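Hi,

Here is the structure I said I would pass on. Have a look at it first, and my notes on what turned up are underneath.

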Amino acid sequence: MGEDPNEFGGYFIVNGNEKMIRMLIVQKRNYPVAFLRPSYTNRGPGYTEFAVQMRCVREDLFAKTFTLHYISDGNVFLRILYKKQEFLCPIAILLKALGPFSDREIYTRLMRGNFSDSDRSDKVEVLVRSGRSLGLYSQTQFL
């Protein structure tokens, strides 16, 4: 019938138009979408118009939308809505809080073996150094 068997929404794709309408109504679950919105620059100094948003849905159908905002100095902030309040957290804090990882381990994992890419390397270094600028060093301090 032309229906995508892997899509939970059960909609039809006709020349790609239905998919666009579906994405505007409800974002596809567990699927990252990149945005370029000039209004994101109004969030504060250094914010750019670039962001990645993902609607995360658990098996019990609880859903939460997370947004990663790119900052002009190379840092990335995670936007979390909790009880109708907005929190913007540097991604370095979350990476260090997830496990007892050293800065070197985080750098190596984010680079994924592509150490010759100097642009990517510079951005990852900014992320790793932003955690140190807060004066936090252990996982318990980041938590």
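**Aromatic pairs and what surrounds them**

Searching the whole structure turns up two aromatic pairs. One of them is formed by Y47 and F77, a tilted pair with 6.1 Å centre to centre and 50° between the planes. Y47 belongs to strand 2 (residues 47-57) and F77 to strand 4, so this pair ties together parts that lie 30 residues apart in sequence. Is Y47 buried or exposed? Y47 counts as buried, at 13% relative accessibility. Before you read too much into any of this, keep in mind that the model is a predicted one.

There is also a ring with a charge over it: the charged end of R37 sits over the ring of F35, 4.6 Å from the centre of that ring.

**The overall layout**

Stepping back, the protein chain has five helices and five strands. Starting at the N terminus, the elements run α-β-β-β-β-β-α-α-α-α. The protein chain has 143 residues, of which 27% count as buried. If you take the contacts in the protein chain with a separation of 6 or more, 28% of them come from residues 24 or more positions apart.

**The sheet**

How are the five strands ordered in the sheet? They make an open sheet with the order 1-2-3-4-5 and antiparallel pairing. Strand 1 (33-36) and strand 5 (85-90) are the edge strands, each pairing on one side only. On average, neighbouring strands of this sheet are turned by 25° against each other, ignoring direction.

For a closer look, try the end of the sheet with strand 4 and strand 5. Strand 4 (residues 76-82) pairs with strand 5 in the antiparallel sense, over six bridges. Within that stretch, I80 stands opposite F87 of strand 5. Helix 2 (residues 91-98) then lies across strand 3 (63-71), strand 4 and strand 5, and runs at about 75° to strand 5.

**Cysteines**

How many disulfides are there? The count comes to zero. Two cysteines you may want to find in the viewer are C56 and C89: C56 is partly exposed, with a relative accessible area of 25%, while C89 counts as buried at 18% relative accessibility.

That's what I have for now. Shout if anything is unclear.

Cheers

Definitions and conventions:
Residues are numbered from 1 along each chain as its sequence is written. This is a predicted model: local features need pLDDT of at least 70, side-chain atom pairs count only at pLDDT 80 or more; totals for chains, interfaces and linings use all residues. Side-chain values use heavy atoms; hydrogens and water are left out. Two strands pair if DSSP finds at least two bridges between them. Helices (H or I, at least four residues) and strands (E, at least two) are DSSP runs, numbered from the N terminus. Axes are lines fitted to C-alpha atoms, for helices over the stretch in contact, and angles run from 0 to 180 degrees between N-to-C directions. Contact means heavy atoms within 4.5 Å. A disulfide is a pair of cysteine sulfur atoms within 2.5 Å. Buried means under 20% relative accessible area, exposed over 50%, partly exposed in between (1.4 Å probe, protein chains only). Rings of Phe, Tyr and Trp (its six-membered ring) pair if their centres lie within 6.5 Å; planes under 30 degrees apart count as stacked, over 60 as edge-to-face and the rest as tilted. A charge sits over a ring if NZ of Lys or CZ of Arg is within 6 Å of the ring centre and within 35 degrees of the ring normal.
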